[in-house]
Structure formats: structure tokens, C-alpha cells
Amino acid sequence: AHAVSWMKVRSIMRGIHYYQISRSGLWRPIRKKPGEIRAVVPVMKPMFRHELGRINANALGVTTSPASGGSRSIYKADRAANLLTYWLDEARITDFFDRANQILLFEGMVGYYRYIDQFRQQVYLRALPGSELFPIPFDAKDESEMDGLMHVTLVSEQWLEEQDFLYEKAMGRPPTKRMASMANDHNLALSIDFPTFGAGPMQGGKFRGALATTVWMKPTQSTPGGQYMFMLRVQLFRYRAGTDPQTGNSLALPNGKVPVELVYYTKQPDDWWGYGFCEELIGPQLSINRQMTNLEKSIALNRGFTVYDSDSIDSKDVQDEHNAFIPFRSGSMGSGIRMPIFNVPPTQAGPEVGGMLQVMNQIADNAAGFRSPVIFGEAPGRVEGGPALSTLNTNAQSSLIPILNRIFRAFERTYPEVLDMLKSVWPPEKMIRVSGPNNVGKELTIQQEDIPDSQEVIIKPAPLLPA
């Protein structure tokens, strides 16, 4: 059901409102017939931009405080704040945030995946679409029931060749089986077939690569360090488990934790996957298209026409728009009609037409969860100010607060892990630029051993306020 909804959202957002999904899950556009009237009313796109703007308007930041008393703790807290603030800019986390929010609105769920790039000596975040994530076991309903997480996606042949190169560089010998040998062609036609449905309506397009599956399993008594697996198709290429005998650290998971934080737009208790903002607008969007199509058809049929006496007026003397002119023979019409030509005007549209369109727009607004004239103080005859205006502003943003709280919690769990990962990947000495007193920039030389552990400071995201 989710995959079908995601296909519908992708189609509508790409401007294809008239499509068909077969029983086998294959999407195809419905071609327009000559003269056919098919109305398209933009509802989903502008509402998507509006909601994305409300979320993206929140600036990302980090606040830190000492985990204990003493000047050394204050120094570590200040150092952690400088490091993470610099990291937000250098790792382009604002771009990640925009990408993650788009996925969140499209699919109702996104994963914040943190990983180390050894070549760039940096920690990055990657937004994993909910359509590519699966719980282990598959019948888990929320994170508390999960033993692990699986990510399935298509990877390009060039990426596979890069992995083979890195393996040979690290091991000094070529791999027994090269990853690039697993690449084959994939059809990019939009369908419910998982490897391709997310690629968009590109009928006939091809992608050369392989279906890659990454599995992270939580630590258990039998595998205290958790497990990490990487497969291409159904063949296992990477596997790590256990702990380092010297340090006790996990060999499979950073800090012994699954490196993905899940964020939901709307969550149902009996469903692990989320429900997206755009998914709620599918029904109103298609309904208002149908209503507007019917209205345009009625207008086309109700265009009015002209009747003329063909006994006294030659048809050649009438304009060439023959479908708007109806000839009649006065001799066959009796003596009741005396005018040689007269016009029959179109019927005036009743008030129910405008009312219907207004209702359809209101249904879309309600599905999106905003724009109520009451919560915005826009009801007729009402003028609010002072405390009442502040209350109305708060109410108007109430639909956004649960989403911002979930985003806040995801960053709250991500930032401490990033700080520990930076300590393992940054060079022994690194120059960073931060804001000093009076917002004047200053440069700091960071020694790797000076990077505090996440246990030594309390790290919180900057507040995300409704925009």
C-alpha cells in the first residue's frame, strides 16, 4: 500500500496526474485523446513547498553544557560546541537537512545515516528514504521491537568499481570476487518492483548497477558488538561482528549502535512505515481534478449557440464556426418564428459551482493540516492583537510541532555520535574557523587528542521553533 502511494505522489509531483497502475504494479500514463478535456489543479505542489518552507526555516545549531563541575568541563563543553558548529558547515548539513525534509514529506519517513568518509577525513550524514528501509524482524511496529535495520538500494557500476579499488589498495591484492562483476542493467520504468519504482517515470531508461543490501544488527548476548553485513543481490561481500579484544569497542557498529536515526512525519501504531504529507493530499488532489474536469466539460457544452433561418440566410454568409450555428427552415417551423437569426445564450453558472470548488480546497487544506481561518484569526469580523495574536500564531503552527520534536530527537541522538566519530577520522591536527567574542571569526588549531568524548559533555540541538 505504501509503495503504491509513493508511486502516485511521484507521478503527481512530476506533473502527470492521469495515470494507471496495473494489478502487477506497473505504472503508465494515460494518453490524452484528441479533444479530451482533462483539468489539472495544482494542489499538492504548492502545499508541499509551503510545508517544506516551514520546516526548512528552522536553523540548525548545537548547544553544549558541562557534564560536571570544574573549569576543565567548561572548556570541553566550549570545545565541543566549536567543533560541531564547524562540522555543521563543513559537512554541509543544511543541504542534508533540506534533502531529508523533502523525503520526509514525500514518504513520511526518513533515516539520518551517519558515516565516515576516510578519503575526505570527515563525518557525513545521508538521508535514507523510508522506501529503502525495512525493519528486522519484518513485522516490527516500531523501533523498540527492532533487532536490526536493513537498507536496500541500487548502487552504480562506478561505485562498485571504486569499492574494488579501495579493497585492493588496503589489502594489497585484488578481491576474490569483484563487486563490479555483479552489475547488470535495471529498467527505470516506474513500477512497484522495488529496485526501480523510486527512479521516477522514465519509461525505457536503463541503470547499470546492482541491488545492494546493508544490514545492521543490534548487539545481543551472542554477538555483543552487533553485526554488519553488506550484500549485492543475494551474495554476501562484507561481514563484521564482535568486539575489539583490546578496547572492547564494536567492530561492526560505531559505538555499538545502529548508525541510523528514524524520523516520522506521521506514525500509525500498527505500521512501521510513516505516512507522508503528500500522501494525505492524493485524494483531495485527484478529487479536485475530477471536479474541475466536469466543470470544464459543462462549460464546453454550455457555450451558447446561434439559430438562423436557412431559407433567408445563406450558410456561406454565416461564420465558419459551424458547431455554434444551428440552421433551420422557416417554412418548416410554422408561423411562430419571425426573426431570421437569434442567439441562445449559455446558462449562467449557479452558486453551487463556486461552493463546490471552495469545499474541495478546504478539504485539501484540512488534509495538509493548516490554513484554518479560525486558528489563523482570519474568520470574518475578527481582529486579534496582543496575547490573543500570540496564541493564534502558536495554534497555527501546532500541526508542525510533533514533526519538529521528532527531528529534534533525531539530532539529539546524532550529534554525540558524530563527535566521537570525528575523533577517529579527523587528522592529528586540524585548523577550524569559529565565531569568537563579538561574533568576530577566529581560527583554532584542534589536536585530535583534544576532541572531547561525548560522555564528557551534554550535547543538545539548538531549539527548532515553528516558522
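Right after helix α3 comes R92, and its phi is positive, near 55°. That residue is not a glycine, and it sits in the loop that links α3 to α4. Keep in mind that this is a predicted model. Around that spot we have a chain with 11 helices and 20 strands, and 42% of its 467 residues count as buried.

**The α3–α4 stretch**

- Helix α3 covers residues 71-90, which makes 20 residues. From first C-alpha to last, α3 reaches 29 Å, close to the 28 Å you would expect at 1.5 Å a residue.
- Quite a list of α3 residues is buried, including A77, A80, A81, L83, L84, W87 and L88. Some residues with charged side chains are on that list too, among them K76 and R79.
- R92, in the loop after α3, is exposed because its relative accessible area is 58%, and the cut-off for exposed is over 50%.
- Helix α4 spans residues 93-107. Its 15 residues should cover 21 Å at 1.5 Å a residue, and its end C-alpha atoms are indeed 21 Å apart, so the two values agree.
- The buried part of α4 includes I93, F96, F97 and A100, and then the run I103, L104, L105, F106 and E107.
- An α-helix has 3.6 residues a turn, so residues three or four places apart point the same way. With that in mind, look at I93, F97 and A100 in α4, which are among its buried residues.
- Past the end of α4 you hit G108, with a positive phi near 80°.

**F96, a buried residue of α4**

- F96 lies in α4, and it counts as buried because its relative accessibility is 6%, where buried means under 20%.
- Leaving out residues up to four places away in sequence, F96 touches Y112, L125, R126, A127 and F411.
- Take Y112 from that list: it is 16 residues from F96 in sequence, and their C-alpha atoms are 9.1 Å apart.

**The largest pocket**

- The largest pocket has a volume of about 2,000 Å³. It is lined by 42 residues, and those closest to its centre are Y113, Y115, I116, Y228 and R240.
- Which elements supply at least two residues each to this lining? They are strands β4 (109-117), β7 (148-156), β9 (206-217), β10 (227-232) and β11 (235-241), plus helices α5 (157-171) and α11 (401-425).
- Helix α5 gives the largest share of the lining, with 7 residues.
- Sorted by class, the lining has 22 nonpolar, 11 polar and 9 charged residues.

**L149 in β7 and the cis bond before it**

- L149 is found in strand β7. With a relative accessible area of 1%, L149 falls under the 20% cut-off and is therefore buried.
- Not counting residues up to four places away in sequence, L149 touches L133, F134, I136, T214, V215, W216, V258, V260 and W272.
- One of those partners, I136, is 13 residues from L149 along the chain, yet their C-alpha atoms are separated by 5.6 Å.
- I136 also takes part in a cis peptide bond with P137, where omega is about 0°. P137 itself lies in the loop between β6 (133-136) and β7.

**L236 and N255**

- Strand β11 holds L236. Is L236 buried, exposed or partly exposed? It is partly exposed, because its relative accessibility is 45%, between the 20% and 50% cut-offs.
- Residues up to four places away aside, L236 touches M229, F230 and M231.
- L236 and T214 are 22 residues apart in sequence, with 9.9 Å from C-alpha to C-alpha.
- Further along, N255 is in the loop between β11 and β12 (260-264). N255 is not a glycine, but its phi is positive, about 60°.
- N255 counts as partly exposed at 45% relative accessibility.
- Most residues other than glycine have a negative phi, and most peptide bonds are trans. That is the background for looking at R92, N255 and the I136–P137 bond.

**Whole-chain numbers**

- Residues 24 or more positions apart make up 64% of the chain's contacts with a separation of 6 or more.
- The accessible surface comes to about 25,400 Å², and 53% of that belongs to carbon and sulfur atoms.

Terms used. Residues are numbered from 1 along each chain as its sequence is written. This is a predicted model: local features need pLDDT of at least 70, side-chain atom pairs count only at pLDDT 80 or more; totals for chains, interfaces and linings use all residues. Side-chain values use heavy atoms; hydrogens and water are left out. Helices (H or I, at least four residues) and strands (E, at least two) are DSSP runs, numbered from the N terminus. Buried means under 20% relative accessible area, exposed over 50%, partly exposed in between (1.4 Å probe, protein chains only). Contact means heavy atoms within 4.5 Å. Accessible areas come from the Shrake-Rupley method with a 1.4 Å probe; for residues, only the protein chains shown count as cover. On a 1 Å grid over the protein atoms alone, a cavity is a set of points where a 1.4 Å probe fits but cannot get out, and a pocket is an open set with protein on both sides within 12 Å along at least five of seven lines; lining residues have an atom within 4 Å of a point. Grid points are joined across faces, edges and corners, and a volume is the space filled by probe spheres set on the points. The expected span of a helix is 1.5 Å times one less than its number of residues.
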